[in-house]
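Q: Please take a close look at one part of this structure, the backbone and its less common turns. Then connect it to the rest in one go.

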Amino acid sequence: MKQEHAKRMRHVDFRSDTVTQPTEGMRSAMVHAPLGDDVFGDDPTVNAFQEKVAHLLGFEAALFMPTGTQSNLCALMAHCSRGEEYLVGQFAHTYRWEAGGAAVLGSIQPQPLEQEFDGAIALDRIEAAIKPDDAHFAMTRLLCLENTWNGKVLPQDYVEKATTLAHQRGLATHLDGARLWNAAVHMAKHPALSPIDAARQLTKGFDSVSVCFSKGLGAPAGSVLCGNKALIARAHRVRKMAGGAMRQTGMFAAAADYALDHHLNRLQEDHQRAQRLAHGLMRLPGLKIDPPQTNMVFIELEEPLRVRQDELLQGLKAQGILTTGTYRLRCVTHLGLSDQDIDHALAVFQTVFA
Ligand SMILES: *Cc1c(COP(=O)(O)O)cnc(C)c1O
């Protein structure tokens, strides 16, 4: 009886855009990709994909990575040597969500800085954090930004000013663009701009950028780090050191390539579904919803719901609705969800939060 109930229950997984299954077309692309040993540089699918992404985003070179975390680590270690430091947002993935890898594995000192609500680090804060060249201090080498930030596109004029300031002060710049594709699709709503052109604009001013294919684009694994040839050569050595040099990894590159060709424009659907979810949730009392731009809806519980957050999460879960709530509740839309899923989830939210 219980099992039958579970079978009939509709599951809507909002935990992340990483929970997707590879589509049929993607599986087929993976199976038929020509392969070789990528440690010897022999995988034609990987080589072609690296060149393609570098070219699309306007960089000299690119390197295929198993994960975004490793891609960011390789970038940080390619930019900074032991005893040097990077400036980074207090809540940025490259500081808070990567298990301290830069410090542990790279002996690089993070200098986390307070961020504005939109994810920006105020320019005067950046300026004040750059250490003088003095034996007391770590050498400040790098500024890291992240786009999208909590599902929002960083203001482009801010990015320009921040990267210009960094370069004027002799710092390099790295962009954690795990969800850059979502930012690009949002930005491309302007007339006469393709998502690829938008993505290239969003990476302007950065010496390196890491993009993920296993998030909204729906590949099972894979990120790409872009930079100039010298930086990518250094990152290549770090990737080996980190154990990320794989063999016939063209199977994954083929999935990522398929995702780029077939799943980029459809991110717009995820963004529309996030809007649909947000507008429905706004009608429920006791919830504060930040209007989404891309595929993330953040839900703040007001008193007296706030103290019941864990219980409410469990209540949703018991009815097949999965979300996460480390700081605020977060619902992420992705290619595994339909409009019907959103409407069903809204109905469940209504009963659980009633
Ligand atoms: C997911 C994510 C990464 C990398 O994640 P992996 O799980 O290691 O692929 C990096 N930065 C941001 C902002 C992310 O969301």
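A: S107 counts as partly exposed, because its relative accessibility is 34%, and partly exposed covers the range between 20% and 50%. This is a predicted model, so every value here is computed from predicted atoms. S107 sits in the loop between α6 (101-106) and β4 (109-113). Its phi is positive, about 50 degrees, although S107 is not a glycine. Why does that deserve a look? Most residues other than glycine have a negative phi.

N150 is another case. Its phi is near 45 degrees, again positive in a residue other than glycine. N150 lies in the loop between β5 and α8. At 32% relative accessibility, N150 counts as partly exposed.

Stay in that loop. It runs between β5 (139-146) and α8 (156-168), and N147 lies in it. T148 is found there too. The peptide bond from N147 to T148 is cis, with omega near 5 degrees. Most peptide bonds are trans. So this loop holds a cis bond at N147 to T148 and a positive phi at N150.

Is N147 buried or exposed? N147 counts as buried, because its relative accessibility is 2%. The cut-off for buried is under 20%. Contrast N150, in the loop between β5 and α8, which is partly exposed at 32%.

What does N147 touch, once neighbours within four places in sequence are left aside? Its contacts there are K152, V153, L154, L175, D176, G177, A178, R179, L180, A183 and L202. One of these partners, L154, also takes part in a polar pairing. The backbone nitrogen of L154 lies 2.9 Å from a polar atom of the N147 side chain. T173 gives a distance check. The C-alpha atoms of N147 and T173 are separated by 13 Å, and the two residues are 26 apart along the chain.

There is a second cis bond to note. The peptide bond from E303 to P304 is cis, with omega near 5 degrees. P304 is placed in the loop between β10 (296-301) and α14 (309-318).

Now the ligand. D176, A178 and R179 are among the contacts of N147. D176, A178 and R179 are also among the residues that surround the ligand. The rest of that shell is T67, G68, T69, N72, H93, E98, E146 and K215. E146 is in this shell, and β5 spans 139-146, on one side of the loop that holds N147.

By class, the shell has 1 nonpolar, 5 polar and 5 charged residues. Helix α4 (residues 68-79) gives the most to it, with 3 residues.

Look at the short polar distances. A polar side-chain atom of T69 lies 2.6 Å from an oxygen atom of the ligand. An N or O atom in the D176 side chain is 2.6 Å from a nitrogen atom of the ligand. For K215, a side-chain N or O atom is 2.7 Å from an oxygen atom of the ligand. On its own, the ligand has 380 Å² of accessible area, and the protein covers 80% of that.

Another site to check is D13. D13 is found in strand β1 (residues 12-13). D13 is buried, with a relative accessible area of 16%. Its side chain makes a polar contact with the side chain of R15, at 2.6 Å. Not counting residues up to four places away in sequence, D13 touches V19, L322, V332, H334 and L337.

Finally, the whole chain. The protein's secondary structure comes to 15 helices and 12 strands. Its radius of gyration is 21 Å, close to the 20 Å that the globule rule gives for 354 residues, so the protein is as compact as a globular protein of that length. Along the principal axes, the C-alpha atoms fill a box of roughly 65 × 50 × 40 Å.

Buried residues make up 53% of the 354 residues. N147 and D13 are both buried. Among contacts with a separation of 6 or more, 74% are between residues 24 or more positions apart. The protein exposes about 16,300 Å², and carbon and sulfur atoms supply 52% of that area.

Terms used. Residues numbered from 1 in each chain as written. Predicted model: local features only at pLDDT ≥ 70, side-chain atom pairs only at ≥ 80, totals over all residues. Heavy atoms only, no water. Near = heavy atom within 4 Å. Polar contact = N/O pair within 3.5 Å; in protein donor to acceptor, adjacent residues only side chain to side chain. Areas by Shrake-Rupley, 256 points an atom, 1.4 Å probe, with all protein chains shown as cover. Helix = DSSP H or I, 4+ residues; strand = E, 2+ residues; numbered from the N terminus. Nonpolar A, V, L, I, M, F, W, Y, C, P; charged D, E, K, R; others polar. Rg over C-alpha atoms; globule rule 2.2 N^0.38 Å. Buried < 20%, exposed > 50% of the residue type's maximum accessible area, 1.4 Å probe, protein only. Contact = heavy atoms within 4.5 Å.
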